[in-house]
Amino acid sequence: MGLTLELNAALKESEPTDLSEILQVLNERHGALNVSLQASLMQSEREIIVPAIEIRSLGTFLSEIGTPPPMLVEDLIPENSLILISGKPKHAKSFMALDILEAVAGGQPVFGAHQVNRSGAVVYLGMEDGNYEIATRLLQRGHKTNAALPLHICTQRVIVSEPHSMALLRAELKKIQPVLIVVDTARESLGVKQWSDPAEVGDKIRALRDLAREVCSVLLVSHNRKMEGTNGDEIAGTNAFTSNVDGWLSIQKKELLPDGSLRLTYQKDGRALRGEGTVIMDTQTLRFRSASQEEIAAQDQRASAQKHDMQMQGQFRAVVTALTCFDGKATAAQLAEHLTMTQPTFSRLQAEMIGAGHLYDTGEKHRAEGSTGRGAALLTVPETSSLYSFMQNATVEDVNEWNDGDEGNPEDEGDLFCDAPEEECFALPTEKQVPACFQH
């Protein structure tokens, strides 16, 4: 009886005349088949009737098909479609897929913004992260063992391109009747050996695309290349991969916000999908919400102000470091020379420091040797300034620590910390730039 069921499954998943493939599947599962059974199967091959090709008129076709259903998730996931969720490693692809699944299962708007037009049971095929990691994520999202949400999970590796595996998967799905499936990831599930081979990629993804057409929409988690790209070129694999799916949500950018949450920007493309979206992921609850343009602009403004403040603090400390070479008092010209800055640039910085209460005019004058003029004003740090103790105790290691403040961020490597043209800016002092009197 078991062999009969597997034979039926293999027949359903194979072309009607491809008996060699059916024999191969059964041989792998049960060892060599006896000669009489093989002969019987080959006799059956001659009796198989290939279905006739049906060509319908326009009117008949539209009448029989009827009105296409609305999108499963408005402006995000079409019905009966194979959609990629792609991104670079550690860009929250699996977290996003799980968030979408939960919203569809509960009939809640995805990301709080996209209406779910058909809710119901959902299935997560998590083949990459293992039982404990997936359980940790679900618990972090607030789920308990008595959860009633119709979310079904399988962590076994299912090679969906193998007829036998797909037959077993379809049998399980028939019991659940899902409205959405997530397959995580493409590399674990498709069984592709040469991703550079378009023919192999096309063959291996076909069964999953048929599943999406015949059962329900499928979200396939995949990876993006390290180098940037657009219009699907950033998605890893050949063009055969993207040409065999109905669309994709490609995470283009990940940003860590000051409050610890992540901001993800993704591109939508494909069947009924166009445009860009931005979501915020709470890194504590792993839940997503859509971000408005106004919120994005406000976040960017706050981040820019915070970066400016950090840059100014670095510049302030550079000035204080230079002051230590003059026993805590120096003229603007002396400080500018030690910091290799132009007078206009230092004048702007001096005004910032005076305004912030970190620098003041002592009222004393300094005359260069042999000068008969009135002299230049001596500047120092007031005792009320938070930088006063730094000036009293600063070491070259302190300076280097501030100099390396952006270490690890390649986008900021070599930044000059002012808004003036580069030639008018100065970098935070390295050990070589610290005046010799301070180095000793």
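## Strand 1 and its partners

Strand 1 (residues 82–87) runs parallel to strand 5 (residues 217–223), and six bridges join the pair. This pairing belongs to a predicted model. Two positions show how the strands line up. I83 faces L219 in strand 5. L84 sits opposite L220 of strand 5.

Strand 1 has another parallel partner, strand 6 (residues 247–256), with four bridges between them. Here I83 appears again: its bridge partner in strand 6 is G247.

## A buried strand

How many residues of strand 1 are buried? Six of the six are, so the strand is largely enclosed by the rest of the structure.

In a regular strand, side chains alternate between the two faces of the sheet. Strand 1 can be read this way. L82, L84 and S86 point one way. I83, I85 and G87 point the other way. Residues in both groups are buried.

## The nine-stranded sheet

Strand 1 is part of an open sheet of nine strands. Their order is 3-2-4-5-1-6-7-8-9, and the pairing is mixed. Find strand 1 in that order: strand 5 and strand 6 stand on either side.

Which strands stand at the edges? They are strand 3 (151–154) and strand 9 (287–290). Each has a single partner strand, so one side of each is left without a neighbour in the sheet. The sheet also twists from strand to strand. On average, neighbouring strands are turned by 25 degrees against each other, with direction ignored.

## Two helices that cross

Two packed helices are described by the angle between their axes and the distance between the axes. Take helix 11 (residues 293–323) and helix 13 (residues 343–355). Their axes come within 11 Å. They cross at roughly 100 degrees. Angles of 65 to 115 degrees count as roughly perpendicular, and helix 11 and helix 13 are therefore described that way.

Which residues meet at this crossing? Helix 11 brings H308, M312, Q315, F316, V319 and V320. Helix 13 brings F346, L349, E352 and M353. By class, the contact has seven nonpolar, two polar and one charged residues.

## Unusual backbone spots

Most residues other than glycine have a negative phi, and most peptide bonds are trans. Three places in this chain are worth checking against that rule.

D75 has a positive phi, near 65 degrees, and is not a glycine. D75 lies in the loop between helix 4 (58–65) and strand 1. Its relative accessibility is 34%, so D75 counts as partly exposed. A272 also has a positive phi, about 65 degrees, without being a glycine. The loop that holds A272 joins strand 7 (262–270) and strand 8 (273–282). Is A272 buried or exposed? At 55% relative accessibility, A272 counts as exposed.

The remaining place is a peptide bond. From D184 to T185 the bond is cis, with omega near 15 degrees. T185 is in the loop between strand 4 (180–184) and helix 8 (186–189).

## The whole chain

Now step back to the full chain. It contains 16 helices and eleven strands. Of its 440 residues, 44% are buried. The chain exposes about 24200 Å². Carbon and sulfur atoms supply 50% of that area.

Contacts also link distant parts of the sequence. Among contacts with a separation of 6 or more, 62% are between residues 24 or more positions apart.

Methods: Residues numbered from 1 in each chain as written. Predicted model: local features only at pLDDT ≥ 70, side-chain atom pairs only at ≥ 80, totals over all residues. Heavy atoms only, no water. Axes fitted to C-alpha atoms, helices over the stretch in contact; angles between N-to-C directions. Parallel < 35°, antiparallel > 145°, perpendicular 65-115°, else oblique. Contact = heavy atoms within 4.5 Å. Nonpolar A, V, L, I, M, F, W, Y, C, P; charged D, E, K, R; others polar. Pairing = 2+ DSSP bridges. Buried < 20%, exposed > 50% of the residue type's maximum accessible area, 1.4 Å probe, protein only. Areas by Shrake-Rupley, 256 points an atom, 1.4 Å probe, with all protein chains shown as cover.
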